[in-house]
Amino acid sequence: MRYALSPRITLIYLLIVSVAADIVYGVLDFYGAGSLRLSLLYRMTILSAFIVVLLRRNDLHAWIVKGMFVLWLISLSVWLYTYGKVPLWIDLNFFLRIMFVMAIAFLAYRALECAYEEGKDLRELLFSGIVIYGIVASCSIVFSFVTGIGRLTYGEWAFGIKSFFTGGNDIGLTMLVALVFCWRSFWISDSLWNLFKIILVSVAIALIGSRAAFGGVIGVTGIFTLCFLLFRPSRSMKTSVYKVVVATMVIGISSFTFKYVNDNFDELAYQVEKVTELLDGLSPRAKLEEAGAEVLEQRAPIHDAFGQGATFFFEVYDLYFLRYPMKQSTDVLPYKAVEQDLMDIYGMYGWLLGSVIILYHLYFWLLSVRCFVAQRDVLNFSCLLAITMYLFHGFLAGHALATSQVSTVIGVIYAFLWFNKVYLPKESVN
């Protein structure tokens, strides 16, 4: 099979057009023209191309993913038999979002494969695309913060702005992955431009105002700063100067942040309260997890195996809002996800399909571990850190495995690991 688009254009379409489509749709929606679902149209083209590529492949990877579709259809039949009817659109929508990371992985892998057959190496383009994704999203958030045009993360009562993106957690995690590869660029070439990219993306993530955003920036910055200071070879006086600059910058920004929080405590009270709850061991989704666990305990054994589909979300909704009626959802349809990916996947798909989905992601995490152990370079470390953040965030707070934005950047990382394993088992780009 040959692409209508060149491999290079395909990769650019997967990454750069993705964030552009989300911003354009966000602007239209902000000004009341949300019926023009450009981002949905973009993702439907991705999924359509994915189906074509998947059906034409006969390797083990392709058959595992085909098996997921078959298991989903079998599960759907079980739900129809046991419930009499199913909310098909919600079921299909959630399943396609789960499969989106695989769609990106297959298309990006095929692009790398075609380029390799033509004697070209486009692996570096993947990571440049992730960085550009983060820069474009950061510029949008900074623009909204400066002008006040855009969506607030929580509302007037709390700090945070998510610009023209619909989900603060979704875009925040995506930008954290981009921040990892901004640091990787700075590690390779410690230029002022690469340092500026780190600052820009870090500031934009912090402006989102979520716990994941603050914690992620602190974690990624702390890890890479420590590695840069301790393990980055000082090849020249410039590198030594940069180490001093980076250390000073981190200390200065940390001091400014603590002072800002202290001076604006009322505006940041919501974030401080949530961070305190997290430090006390309270899960971000504790009440929803409690409702979800009770639904799982009460369901029939056949649903433990095949799941309940979106009916699980309807039952969680009924139980959750029965206990907390003052927090009744204003959604048109009465359903509510737990927003903890592990429980949502098990609740919807049971241990059969649910286990295959989770093992698919764990395979690539283990592959990233193997690559880093075999070759301890900054690229393999970045891939490992990005996938670890993705899975940790999904299992702890959701908004990962079924989110198309972060799945886009993680999907190309999966494609890179897959391509290296098949074609270049002993090579790395850096």
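Is Lys 120 buried, partly exposed or exposed? With a relative accessibility of 48%, Lys 120 is partly exposed, just under the cut-off, since a residue must be over 50% to count as exposed. Welcome to a quick tour of this chain, which is a predicted model. It holds 16 helices and two strands, and 51% of its 430 residues count as buried. The points below go from the whole chain to salt bridges, helix pairs and two individual residues.

**The chain as a whole**

- The secondary structure consists of 16 helices together with two strands.
- Among contacts with a separation of 6 or more, 75% are between residues 24 or more positions apart.
- About 19,600 Å² of the chain is exposed, and 67% of that area comes from carbon and sulfur atoms.

**Salt bridges**

- Side chains of opposite charge can pair when their charged atoms come close.
- Searching the whole structure gives 11 salt bridges; three of them are described here, followed by a network.
- Lys 120, met at the start, has Glu 118 as its salt-bridge partner, with 3.8 Å between the closest N and O atoms. That distance qualifies because the cut-off is 4 Å.
- Glu 118 is partly exposed at a relative accessible area of 44%, and Lys 120 is partly exposed at 48%.
- Arg 184 pairs with Glu 124 in a salt bridge with an N to O distance of 2.8 Å. Arg 184 belongs to helix H6 (residues 168-188) and Glu 124 to helix H5 (residues 123-147), so this pair ties together parts of the chain that are 60 residues apart in sequence.
- The two partners of that bridge fall into separate burial classes: Arg 184 is buried at a relative accessible area of 2%, whereas Glu 124 is partly exposed at 33%.
- A network of salt bridges with shared partners joins Arg 57, Asp 59, Arg 110, Glu 113 and Glu 117.
- Two members of this network, Arg 110 and Glu 113, meet through their side chains in a salt bridge at 2.6 Å, N to O. Both sit in helix H4 (residues 88-117), and because they are three residues apart there, about one helical turn separates them.
- Arg 110 is buried, with 10% relative accessible area, and Glu 113 is buried too, at 6% relative accessibility.

**Helix pairs**

- Two packed helices are described by the angle between their axes and the distance between the axes.
- Helix H2 (residues 38-55) and helix H3 (residues 60-83) have axes that come within 10 Å and cross at roughly 120°. H2 and H3 are therefore oblique to each other, because the perpendicular class ends at 115 degrees.
- The crossing of H2 past H3 is left-handed. On the H2 side the contact is made by Phe 50, Ile 51, Leu 54 and Leu 55, and on the H3 side by Ala 62, Val 65, Lys 66 and Phe 69.
- Helix H1 (residues 7-30) and H5 also have axes that come within 10 Å, and they cross at roughly 15°. H1 and H5 are therefore roughly parallel, since this class takes in angles under 35 degrees.
- H1 and H5 cross in a right-handed sense. The residues in contact include Leu 11, Leu 15, Val 19 and Ile 23 of H1, and Leu 126, Ile 130, Tyr 133 and Val 136 of H5.

**Two residues to look at**

- Leu 47 is found in helix H2 and is buried, with a relative accessible area of 11%.
- Leaving out neighbours within four places in sequence, Leu 47 is in contact with Leu 96, Phe 100 and Ala 103. Its C-alpha atom is separated by 9.6 Å from that of Leu 107, 60 residues apart along the chain.
- Ser 404 lies in helix H16 (residues 404-422), and this serine is buried, with a relative accessible area of 16%.
- What does Ser 404 touch, not counting residues up to four places away in sequence? The residues are Arg 43 and Phe 100; Phe 100 is also among the contacts of Leu 47.
- Ser 404 and Thr 174 are 230 residues apart along the chain, and 9.7 Å separates their C-alpha atoms.

How values were computed: Residues numbered from 1 in each chain as written. Predicted model: local features only at pLDDT ≥ 70, side-chain atom pairs only at ≥ 80, totals over all residues. Heavy atoms only, no water. Helix = DSSP H or I, 4+ residues; strand = E, 2+ residues; numbered from the N terminus. Buried < 20%, exposed > 50% of the residue type's maximum accessible area, 1.4 Å probe, protein only. Contact = heavy atoms within 4.5 Å. Areas by Shrake-Rupley, 256 points an atom, 1.4 Å probe, with all protein chains shown as cover. Axes fitted to C-alpha atoms, helices over the stretch in contact; angles between N-to-C directions. Parallel < 35°, antiparallel > 145°, perpendicular 65-115°, else oblique. Left-handed = near helix turned anticlockwise from the far one by under 90°.
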